[in-house]
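This report looks at a surface patch, at charged pairs of side chains and at a small sheet. Please keep the sequence and the structure in view while reading.

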Amino acid sequence: MLTDYIKVKTKGNSDIIDITLQVAGFVERQKIKDGIIFLSVIGSTAAITTMEYESGLIKDLKRAFEEIIPYKKDYAHNFTWADDNGHSHLRSSFIKTSFFVSVTASKLDLGTWQQIVLVDFDTQPRDRKIVVKGVI
Ligand code: ZN
């Protein structure tokens, strides 16, 4: 098992960051021809998914998060901890903090218009650490 880390500075508030190049860099450095890449963001207010990374969809996805799990609501978490990120934790749980992608012929098995993204749902800028594991 090969291990590395991707470190990302985010702005929080559903900041969406394309990490595809960093993941592809790991595949290249580790000379993985055929295998599975596992990604896991450390923390309970961020998530990893894929999308077509373009400005329209970035807006659409942020709006969908707000419609499905809105910022302003009476979350027990906020009441219990005098916190404001109940929605951040819920969005992270629903999207999930980990992601698998396969590698064939030294390339990530992704579509041309499919990028791997980190979404930071917390309400403030954060330094995020993503564990990358390569299984060959
Ligand atoms: Zn919290």
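In this predicted model, a nonpolar patch on the surface is formed by Met 1, Ile 36, Phe 100 and Val 135, which together have about 430 Å² of accessible area. One of these residues, Met 1, is found in the segment before β1, the strand that covers residues 2-10. Met 1 counts as exposed because its relative accessibility is 71%, and the limit for that word is a value over 50%.

The charged side chains come next. Side chains of opposite charge can pair when their charged atoms come close. How many salt bridges does the structure hold? There are six, and the table lists three pairs from among them, with the distance from N to O.

| Acidic residue | Basic residue | N to O distance |
|---|---|---|
| Asp 4 | Arg 29 | 2.8 Å |
| Asp 127 | Lys 9 | 2.9 Å |
| Asp 120 | Arg 128 | 2.8 Å |

In the salt bridge between Asp 4 and Arg 29, distant parts of the chain are linked, since Asp 4 belongs to strand β1 and Arg 29 to helix α1 (residues 20-29), 25 residues apart. Asp 4 is partly exposed, with a relative accessible area of 22%, whereas Arg 29 counts as exposed at 52%.

The salt bridge between Asp 127 and Lys 9 joins strand β8 (residues 126-135), where Asp 127 lies, to strand β1, where Lys 9 lies, so that parts 118 residues apart in sequence are tied together. Asp 127 is exposed, with a relative accessible area of 57%, and Lys 9 is exposed as well, with 67%.

Are the two residues of the salt bridge between Asp 120 and Arg 128 buried or exposed? Asp 120 counts as buried because its relative accessibility is 0%, and Arg 128 is also buried, with a relative accessible area of 3%.

Asp 120 also leads to the sheet, for this residue of β7 is the bridge partner of Ala 46. Strands of a sheet pair through backbone hydrogen bonds, either parallel or antiparallel. Here three strands form an open sheet in the order β2-β7-β4, and the pairing is antiparallel. The edge strands, each of which pairs on one side only, are β2 (15-18) and β4 (46-51). From one strand to the next, the twist averages 30°. Between β4 and β7 (residues 115-120) there are six bridges. Helix α2 (residues 55-68) packs on this sheet and touches β2, β4 and β7, while the direction of the helix makes about 135° with that of β2.

Definitions and conventions
Residues are numbered from 1 along each chain as its sequence is written. This is a predicted model: local features need pLDDT of at least 70, side-chain atom pairs count only at pLDDT 80 or more; totals for chains, interfaces and linings use all residues. Side-chain values use heavy atoms; hydrogens and water are left out. Two strands pair if DSSP finds at least two bridges between them. Helices (H or I, at least four residues) and strands (E, at least two) are DSSP runs, numbered from the N terminus. Axes are lines fitted to C-alpha atoms, for helices over the stretch in contact, and angles run from 0 to 180 degrees between N-to-C directions. Contact means heavy atoms within 4.5 Å. Patches are made of residues with over 30% relative accessible area and no salt bridge: like charges are joined within 9 Å, nonpolar side chains (Val, Leu, Ile, Met, Phe, Trp, Tyr) within 5 Å. Accessible areas come from the Shrake-Rupley method with a 1.4 Å probe; for residues, only the protein chains shown count as cover. A salt bridge is a side-chain nitrogen of Lys or Arg within 4 Å of a carboxyl oxygen of Asp or Glu. Buried means under 20% relative accessible area, exposed over 50%, partly exposed in between (1.4 Å probe, protein chains only).
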